[in-house]
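Hi,

Here is the structure I promised to pass on. Have a look first, and then read on for what turned up in it.

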Amino acid sequence: MLRIVLVEDSLDVVHTTALLLRELGHTVEYAMNGYIALDVIRRVRPDFVVCDIGLPGVDGFEVCRQVKADPELRGVCVIALTAYTDEKSRARARDAGFDGYYVKPMLPQALADLFGDVQSQQLPKTSPHAP
């Protein structure tokens, strides 16, 4: 079972993604903006952060930079889940330190392949796709 923090400003995306991850057997916390996300991430100390880039206030690039700069969060894997498909956004994600980059929507099978399915005792099948 993984601890995952989902950072997303769309309540519909939060509900569907969190539901799918929980059905796979993982623990999910969420935040709907970058300011709250940093507090939640520091409190939960997750295995993964799944983070939108276009957030109100502190954007996903800055959330990732701060997570990667915090020695107490060493080892946290930060994955972008965004609507941005352009190469400039991917380059900025690489520069910010994201470990993976996915374009919305992320299909249920892709979530299962990336995080594994605790309920079915299936390990993750893929590593995060580099930005």
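Which residues does V67 touch, leaving out those up to four places away in sequence? They are L38, I41, L73, V76 and V78. Before going further, please keep in mind that this is a predicted model.

**The cores**

V67 is a good way in, as it belongs to the largest nonpolar core, which has 25 residues. V67 is among the residues with the most contacts inside that core, together with V7, I41, V49, V63 and F98. Several elements give two or more residues to this core: the strands β1 (3–7), β3 (48–51) and β4 (77–82), and the helices α2 (34–44), α3 (60–69) and α4 (87–96). Helix α2 gives the most, with five residues. There is also another core, lying apart from this one, with 19 residues. A18, F48, C77 and F115 are among them. As general background, nonpolar side chains in soluble globular proteins tend to be buried together.

**A37, a residue to click on**

A37 sits in helix α2. Is A37 buried or exposed? Its relative accessible area is 0%, and the cut-off for buried is under 20%, so A37 counts as buried. Not counting residues up to four places away in sequence, A37 touches V7 and A31. V7 is 30 residues from A37 in sequence, yet their C-alpha atoms are 6.2 Å apart in space.

**Two helix pairs**

A pair of packed helices is described by the angle between the axes and the distance between them.

Start with α2 and α3. Their axes come within 10 Å and cross at roughly 25°. Angles under 35 degrees count as roughly parallel, so α2 and α3 are roughly parallel to each other. Their crossing is right-handed. On the α2 side the contact is made by G34, L38, I41 and R42, and on the α3 side by V63, Q66 and V67. By class, those residues divide into four nonpolar, two polar and one charged.

Now for α1 (residues 11–23) and α5 (residues 108–115). These axes also come within 10 Å, and they cross at roughly 50°. That angle makes α1 oblique to α5. The crossing of α1 past α5 is right-handed. T17, L20 and L21 of α1 make the contact with P108, L111 and F115 of α5. Sorted by class, this contact has five nonpolar residues, one polar and no charged ones.

**Two backbone details**

Where is there a cis peptide bond? One joins K104 and P105, with omega at about -10°. P105 lies in the loop between β5 (100–103) and α5.

The other detail is R45, in the loop between α2 and β3. R45 has a phi near 50°, which is a positive value in a residue other than glycine. What about the accessibility of R45: is the residue buried, exposed or partly exposed? R45 has 36% relative accessibility, so it counts as partly exposed.

**If you have a few minutes**

Here is a short tour to try in the viewer:

- Begin at V67 and find L38 and I41, two of the residues V67 touches.
- Move to A37 and look for V7 and A31, which A37 touches.
- Then go to the contact of α1 with α5, where F115 is one of the α5 residues involved.
- Finish at the cis peptide bond between K104 and P105.

Over to you, and enjoy the look around.

Conventions. Residues are numbered from 1 along each chain as its sequence is written. This is a predicted model: local features need pLDDT of at least 70, side-chain atom pairs count only at pLDDT 80 or more; totals for chains, interfaces and linings use all residues. Side-chain values use heavy atoms; hydrogens and water are left out. A nonpolar core is a set of buried Ala, Val, Leu, Ile, Met, Phe, Trp, Tyr and Cys residues joined through side-chain atoms within 4.5 Å. Buried means under 20% relative accessible area, exposed over 50%, partly exposed in between (1.4 Å probe, protein chains only). Helices (H or I, at least four residues) and strands (E, at least two) are DSSP runs, numbered from the N terminus. Contact means heavy atoms within 4.5 Å. Axes are lines fitted to C-alpha atoms, for helices over the stretch in contact, and angles run from 0 to 180 degrees between N-to-C directions. Angles under 35 degrees count as roughly parallel, over 145 as roughly antiparallel, 65 to 115 as roughly perpendicular and the rest as oblique. A crossing is left-handed if the near helix is turned anticlockwise from the far one by less than a right angle, and right-handed if clockwise. Ala, Val, Leu, Ile, Met, Phe, Trp, Tyr, Cys and Pro count as nonpolar, Asp, Glu, Lys and Arg as charged, and the others, Gly among them, as polar.
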